[in-house]
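User: I'd like to go through the labels on this model and check each one against its cut-off. Could you take me through them?

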Amino acid sequence: VRTNDTLYMQAVRDWWNVLLPIVRPFSVENGGPIIMFQVENEFGSFGDVFSNPNDRAYVLGLVSMARLFLGDKVWLFT
């Protein structure tokens, strides 16, 4: 299960370090067709960012990584 585990988040960071620099030039801010970036899939079905601090840290960690790689203007969603 996805979580705010150090090893898991490092694996996400390693993968996004490869993937997101490839995606970034295709964002709408750069003249491309990508209008939004999905940081998580289906987490709303089982995650609880309001009551569970670990779930909140996980999602906020994903958002921080996305912002680092994609910038502040890209729309993010889950």
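**Labels and cut-offs**

User: Why is Tyr 8 called partly exposed?

Analyst: Its relative accessible area is 29%. Buried means under 20%, exposed means over 50%, and partly exposed is what falls in between (1.4 Å probe, protein chains only). So 29% puts Tyr 8 in the middle class. Before we go on: this is a predicted model, so local features need pLDDT of at least 70 and side-chain atom pairs count only at pLDDT 80 or more, while totals for chains, interfaces and linings use all residues. Residues are numbered from 1 along each chain as its sequence is written, and side-chain values use heavy atoms, with hydrogens and water left out.

User: What does the chain look like overall, and how many helices and strands are there?

Analyst: There are two helices and two strands, in the order α-β-α-β from the N terminus. Both kinds of element are DSSP runs numbered from the N terminus: helices are H or I with at least four residues, strands are E with at least two. The C-alpha trace spans about 40 × 20 × 20 Å along its principal axes, and buried residues make up 28% of the 78 in the chain.

User: What makes Tyr 8 and Tyr 58 a tilted pair?

Analyst: Two numbers settle that: a pair of aromatic rings is described by the distance of the centres and the angle of the planes. Rings of Phe, Tyr and Trp (its six-membered ring) pair if their centres lie within 6.5 Å; planes under 30 degrees apart are stacked, over 60 edge-to-face, and the rest tilted. By that rule the count is three aromatic pairs. Tyr 8 and Tyr 58 sit 6.2 Å apart, centre to centre, with 45 degrees between the planes, so the distance passes and the angle lands in the tilted range. Their partnership bridges distant parts of the chain, with Tyr 8 in helix α1 (residues 6-23) and Tyr 58 in helix α2 (residues 53-70), 50 residues apart. Ring pairs also join Tyr 8, Phe 43 and Tyr 58 into a cluster.

User: Why does Tyr 58 count as buried?

Analyst: Its relative accessibility is 1%, so Tyr 58 passes the cut-off for buried.

User: And why is the pair of Trp 16 and Phe 37 called edge-to-face?

Analyst: The ring centres are 5.6 Å apart and the planes meet at 80 degrees, so the label follows. Trp 16 belongs to helix α1 and Phe 37 to strand β1 (residues 36-38), so the pair ties together parts 21 residues apart in sequence. Both partners count as buried: Trp 16 has a relative accessible area of 8%, and Phe 37 has 12%.

User: How do you know that Asp 55 is buried, and what does it touch?

Analyst: Asp 55, in helix α2, comes out at 11% relative accessibility, so it is buried. A contact means heavy atoms within 4.5 Å. Leaving out residues up to four places away in sequence, Asp 55 touches Phe 43, Phe 46, Gly 47, Asp 48 and Val 49.

User: What makes the link from Asp 55 to Asp 48 a polar contact?

Analyst: The Asp 55 side chain reaches the backbone nitrogen of Asp 48 at 2.8 Å. A polar contact is a pair of N or O atoms within 3.5 Å; within protein, one must be able to donate a hydrogen and the other to accept it, and residues adjacent in sequence count only if both atoms are side-chain atoms. So 2.8 Å is within the limit.

User: What makes Glu 42 stand out?

Analyst: Most residues other than glycine have a negative phi. Glu 42 is not a glycine, yet its phi is positive, about 70 degrees. Glu 42 lies in the loop between β1 and α2 and is exposed, at 55% relative accessible area.

User: Why is Phe 69 called buried, and which residues does it touch?

Analyst: Phe 69, in helix α2, has 14% relative accessibility, so it is buried. Not counting residues up to four places away in sequence, Phe 69 touches Arg 13, Trp 16, Asn 17, Leu 20, Pro 21 and Arg 24. Phe 69 and Asn 17 are 52 residues apart in sequence but 7.6 Å apart in space, C-alpha to C-alpha.
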